[in-house]
Amino acid sequence: MAEPAYTVASDSETTGEEKSSSPFPEIAIGIDIGTSQCSIAFWNGSQVELMKNTRNQKMMRSYVTFKDEIPSGGVSNQLSHEHEMLSGAAIFNVKRLIGRVDTDPVVHASKSLPFLVQTLDIGVRPFIAALVNNVWRSTTPEEVLAIFLVELRAMAETQLKRPIRSAVLTIPVSFSRFQVTRIERACAMAGLHILRLMPEPTAVALLYAQQQQQTVHENMGSGSEKIALIFNMGAGYCDVAVTATAGGVSQIKALAGSAIGGEDLLQNMMHHLMPNSESLFSSHGMNEIKSMALLRVATQDAIHKLSSQNSVQINVDLGTGSKVSKMVTREEFEEVNRKIFEKCETIISQCLHDAKVDTEDLTDVILLGGCSYIPKVRDLVRGICKKEELYKGMNPLEAAVCGAALEGAVTSGISDPFGNLDLLTIQATPLGIGVRADGNNFVPIIPRNTTMPARRDLVFTTVRDNQTEALIIVYEGEGEKVEDNHLLGYFKITGIPPSPKGVPEINVCMDIDASNVLRVLVGVILPGSQHPAIPVMEVRLPTVDDGHGWCAEALHRAYGSTLALETVQKKI
C-alpha cells in the first residue's frame, strides 16, 4: 500500500475549525539540514519535540531523487536500497556545494560523487545534473534544497495542523555571507521565512544554556558561569565554539570551522582502496556510476564498523572487471586520514586561543555530529581539552535542531511560565569582514569573533594625487590576500575633492545588526573640515550574485590600482 502523500494547507484552504483544532500557536520551527541527514523540531508548549516522518524516523536522509517526473526527497521517499540513491538519479551533499564557485577545492572533491558535477574553473557556479532515463537533468543546489524544504514544511504542516511560515535554520560556522544568501533563496523558493540562520554550535550553546538553567532551578541555586567547548563534526563540516553560560545567557566567545567532515574521510578511504578511481570514474557513464556506488557503499560500511571493531574485511566486485579485497584496520584508517584529524586539532586549538580560554577553565566538552562516534575523534578532543569525561546531556545527532527549535520559540515571542524560554545567545562573527587596501591586501574592519551587534570603522586615504574616485571592495574571510577571501560586493564613491595623495580621509564604517545584516557606510572628510566632502553612502551587502569570481577579475582589469586605497595609520 502506497504511503499517503503530504499536502500543504494554505491559508485559503484551511478552515476556521482546522485552525482552532491546532494545539500549537504560530511558532517558528527549527530545521537542521545536514550534509547527509536532516531533522526538524518544534516547541510543543513545554519542551522541544522532534518530528517523525511516516516511517517513524527522526533523522531523514538529505537527498532529492529525479528518477520520476516529480522530484522527491528523503522525507517522503523510501529508498529500496542504498544503491538506488547512488544510481545517478539522486543529488545529495548539496550543503557542500551550495554557494560555492567552480574553482573551490570542495567542488572539485565532489566530482567523485555518483552524479554529474562539472566545472569551467572560471569562478562561476558549477554545473550539476542527475541521470534520468539516460539523460542528464540539470539542477542547482538551491533547487535541490528547496525541494527538500518543501517536503519538510509539508510534513510539519500535516502534523501541527497549521501553516508553517517561519523557521530557524542551522548553518556551518565557515559559511560565507554569499552562501547564506543561497540558503535564504532556497528557503524563499520553499515558502519559508527565515527568522534566524544560526551557526550549528551556537544553536547547541542555546540548548546547553537551557539545560544549565534547569539544573540551577532544580538545585534552587543562583548558578555560576560555566565555560564549554562545543565540537561538532558531521559529514560535511567541522565546527567548534567556546561558550560562557550563566543564568540562561550564552555568550559565544569564539567560533572556528572548516569544510572537512565524514565525506572527506570517506573519499580518502575510497582513494586508498582504489588509487586509480578518479580515472576509472571520470566519464560518469552508467557502468562507472554503478561501480562508484558499490565502492562508496562498501567503504562507508567499513568506516562505520571500524568505530566498534579494530579491523574489517572489504570485498566488493565493481562489475567492470575490477575487484577490491582488502583487510583494513582502524590504525590504517586513522593514518589515511591523518591530515583531517590534524586539521580538527588545529581548529580546536585556534578556537581556544581566540576565546582566551585555557583547557583548565573548561567546565564541559560537548561532542556532536555523526563523526563523534569515531574513536579517533573522541580521543583527540579529549586529549586537547584534557578531559576524560565528555558531556552526556545531549544526543549528538539531535542537539543542533533542538537548539534551533528553542531559538524559534524565543524569537516567536513565546513565553514559558517555568522560565524554560528565558534564554539569550550573544553571537559572534565567524569570519572577519574588511576591504581591499594597501595593494592587494585584505584589511579587516570587523575582526573574527566580534560580538554582535557590532559597528567598527577604519580610515583610509587616496594613493594618487588628485584622485577623485575610490573603489570600495568588501571581502569576508581570514586570508592576508584578497583572493584568499570571499567577495561580498563593491561600490564606487565619486566626487572626492582633488587634493594631494594621502590628504582625504575616507572613513569606511561596517555595521552588523542582531539579525546579522551587514551595512557599509562610507564618508569622505578633508582635514580641517567638520562636514563630509560628499554625501555618506550606505550599501547593504552582499551585492554580488553568481559569477563573483569573474567580478573580482573584471574589477582588477578595469581599474587596476587607479581607484585603490591605503590604510591611514593611527597616531599613538
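The exercises below concern helix packing and backbone geometry in a predicted model.

**Exercise 1.** Determine how helix H8 and helix H10 are oriented towards each other, and which residues form their contact.

*Solution.* Two packed helices are described by the angle between their axes and the distance between the axes. For H8 (residues 262-273) and H10 (residues 286-305), the angle is about 115° and the axes lie 9 Å apart. Angles of 65 to 115 degrees count as roughly perpendicular, and H8 and H10 are therefore roughly perpendicular to each other. The crossing of H8 over H10 is right-handed. H8 contributes Glu263, Leu265, Leu266, Met269, Met270 and Leu273 to the contact, while H10 contributes Met292, Leu295, Arg296, Thr299, Gln300 and Ile303. By class, the residues of this contact comprise 8 nonpolar, 2 polar and 2 charged.

**Exercise 2.** Locate the cis peptide bonds that precede proline 453 and proline 542.

*Solution.* Most peptide bonds are trans. The bond from methionine 452 to proline 453 is cis, with omega near 0°. Proline 453 belongs to the loop between strand E21 (441-446) and strand E22 (454-462). The bond from leucine 541 to proline 542 is also cis, with omega near 5°. Proline 542 belongs to the loop between strand E27 (537-541) and helix H15 (548-559).

**Exercise 3.** State the sign of phi at lysine 386 and at asparagine 466, and place each residue in the chain.

*Solution.* Most residues other than glycine have a negative phi. Lysine 386 has a positive phi, near 55°. Lysine 386 sits in the loop between helix H13 (375-385) and helix H14 (399-411), and is exposed, with a relative accessible area of 61%. Asparagine 466 has a positive phi, near 55°, and sits in the loop between E22 and strand E23 (469-477).

Key:
Residues numbered from 1 in each chain as written. Predicted model: local features only at pLDDT ≥ 70, side-chain atom pairs only at ≥ 80, totals over all residues. Heavy atoms only, no water. Axes fitted to C-alpha atoms, helices over the stretch in contact; angles between N-to-C directions. Helix = DSSP H or I, 4+ residues; strand = E, 2+ residues; numbered from the N terminus. Parallel < 35°, antiparallel > 145°, perpendicular 65-115°, else oblique. Left-handed = near helix turned anticlockwise from the far one by under 90°. Contact = heavy atoms within 4.5 Å. Nonpolar A, V, L, I, M, F, W, Y, C, P; charged D, E, K, R; others polar. Buried < 20%, exposed > 50% of the residue type's maximum accessible area, 1.4 Å probe, protein only.
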